[in-house]
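Biologist: Could you take me through the pockets of this model, with a close look at what lines the largest one? I would enjoy a connected account.

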Amino acid sequence: MGAFLGFAFTMTLLFCKAQGEVLRYDFVVKETPIDMLCETNRTILTVNGLFPGPEIRAHKGDTIYVNVTNIGPYGITIHWHGVRQIRYPWSDGPEYVTQCPIPTNSSFLQKIILTDEEGTLWWHAHSDWSRATIHGPIIILPVNDTNYPYEFDEQHTIVISEWYARDVMDIITEALESGGDPDLSVAYTINGQPGDSYTCSNDSMYNITVVQGKTYLLRIIHSGLNEEMFFGIAEHNITVVGMDGAYLKPLNTAYLMITPGQTMDVLVTTNQTPGRYYMVFSPFVDTNAPSNENVTRGIFEYNGTYNHSETPTLPVLPGFTNKSDAGNFTIQLRSLNSIEHPSTVPTNVTRNITITVSVNQQPCPANKTCTGPDGSMHSASLNNISFWAPSISILQAYYKYVNRNISGVYNKTFPDKPPFVFDYTGDVSALGEAANVSTEVLMINYNEEVEIRFQGTNFGAAENHPMHLHGYSFYIVGMGDGNFSDSYVSDYNTVDPPYINTVGLPKNGWTVIRFKADNPGVWFMHCHLERHASWGMDTVLVVRDGTNDDQKVLAPPEDMPPCSGS
């Protein structure tokens, strides 16, 4: 297992007064042997031989070039999660949405354009399930290194991941073929270490050594595939001060709930008796779908003179199924909304969209045995459309269509409303659970002020869905249980709602987001539970160019990976 923050890449710094610095990194995707739990010489796909992968560290407003070389066994893409990539979707990364995979034994130079992001983001593979082991931090510092809206003495990055007993690409390929549930992960890891709650891992535990009386900034990244998490440190409160590359009003709490795709910045003050304290990630499970209910533990250890062999104290966290505590944490989050970091919530909505979010079932094809519920195949949808990825990227098809009349790759017909109205969170047993499988995109005009109302449904194994939008952060202006009602609009928070890129849609509930469509391009929107995304809980937003040159998508790079269908 490589050193987590080891620099196995090269970096060049060039100063640019107008747009910050220009940084260069080299990523090499390759198979790497690793010992984990009781397995020895297991091979996984990594970047630069590290699990988790290398850290990218930059300042607000910098531009980063990452040369991604793939020497792995299959095509790969890399996504810079939470980076808006203003007018430059060509390097955003989702497979068959903005690019085709980088073939084996080839490279792609990806350009990452930082603008207003500040705090903790992350990068990960965006092709099938390969992000299970291909992911790492993006740390974006304030421009002058000092103007944080809070004080701390030292910082650490914590990446929570899921570990699978066999190759994740085999797992999802077999599950999609059979229509059944994919294998569960067998462990969770903190910075690549599972901790002492697993067999053969007593000596593999992440440890932070701290000094009494200091304050520590923990940058927490949830890179896991399918399970949401509670987190806490025994006998210590934590103060949440940032999320998804933006600042929050300080929220003092005994625990947090974080979904796959989200990042959180928290402060911990070492004000307890010197000793050893467990920090624990424990899953939040609000569904009857199969889940991994293990935990992972690290050590928050004071320095000084005391019995260092004593058993650490465990935190008290909400139970696995405690939906109330998960929701109560999330609804307390507020943007900082200061003079230096103001909130600019759209208040003149010109486009109102409602999207139902469902876990579906498809009929088993003739002459085939399927292992989904009652012999069917698992599926998922948005507005009853289960996304089908084409063989050429939608971004390339869209811009080629504008110039060279290439068509037939997608339809511009994703609807602004569900196909029909029903009691979304009630008894849906009399309704069919099959969705339409197709490649639909949602067309949005430049500079529209957009409101999306996500509505959970009671189809299949309903649960909390972490919805992620590429190319944008958005404001969460409302959230609740049950069916959305227009009467809730008057209760929206348009003063200081959190400004994030991934939001948990409550099980059988609703969430409302707002953003200004000021970033032209082709942008993926999907559930960040990987099994749901694989089943079709995705769509694409195409934000048209504006009229001015600075409102149009920039030209593509010359080394875009080739598409077989182009």
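Modeller: Gladly; here is a walk around the largest pocket, followed by its runner-up and a few ring contacts. Please keep in mind that this is a predicted model.

The largest pocket holds about 820 Å³ of space. Its lining is made up of 32 residues, and those nearest the centre are Leu176, Phe387, Ala533, Ser534 and Trp535. Helix H4 (530-535) is one of the elements that supply at least two lining residues each, together with helix H1 (168-178) and strands E22 (377-382), E23 (385-387) and E32 (521-527). H4 contributes the most, with four residues. Sorted by class, this lining has 17 nonpolar, eleven polar and four charged residues.

For the second largest pocket, the volume is about 570 Å³. There, 30 residues form the lining, with Asp116, Pro342, Thr344, Tyr475 and Tyr499 closest to the centre. Strands E16 (246-253), E28 (474-481) and E31 (509-516) each provide at least two of the lining residues, and E31 gives the most, with three. This lining divides into eleven nonpolar, eight polar and eleven charged residues.

Now for the rings: the whole structure has 26 aromatic pairs. Tyr398 and Tyr399 make an edge-to-face pair, because their ring centres are 4.8 Å apart and their planes meet at 85°. Both Tyr398 and Tyr399 are buried. Elsewhere, Tyr148, Tyr150, Phe152 and Tyr247 form one aromatic cluster. Finally, the charged end of Arg297 sits over the ring of Tyr278, 4.4 Å from its centre, while that of Lys111 sits over the ring of Tyr88 at 5.4 Å from the centre.

Notes: Residues numbered from 1 in each chain as written. Predicted model: local features only at pLDDT ≥ 70, side-chain atom pairs only at ≥ 80, totals over all residues. Heavy atoms only, no water. Phe/Tyr/Trp six-rings, centres within 6.5 Å; stacked < 30°, edge-to-face > 60°. Buried < 20%, exposed > 50% of the residue type's maximum accessible area, 1.4 Å probe, protein only. Lys NZ or Arg CZ within 6 Å of the ring centre and 35° of its normal. 1 Å grid on protein atoms, 1.4 Å probe; cavity = no way out; pocket = protein on both sides within 12 Å on 5 of 7 lines; lining within 4 Å. Points joined across faces, edges and corners; volume = space filled by probe spheres on them. Nonpolar A, V, L, I, M, F, W, Y, C, P; charged D, E, K, R; others polar.
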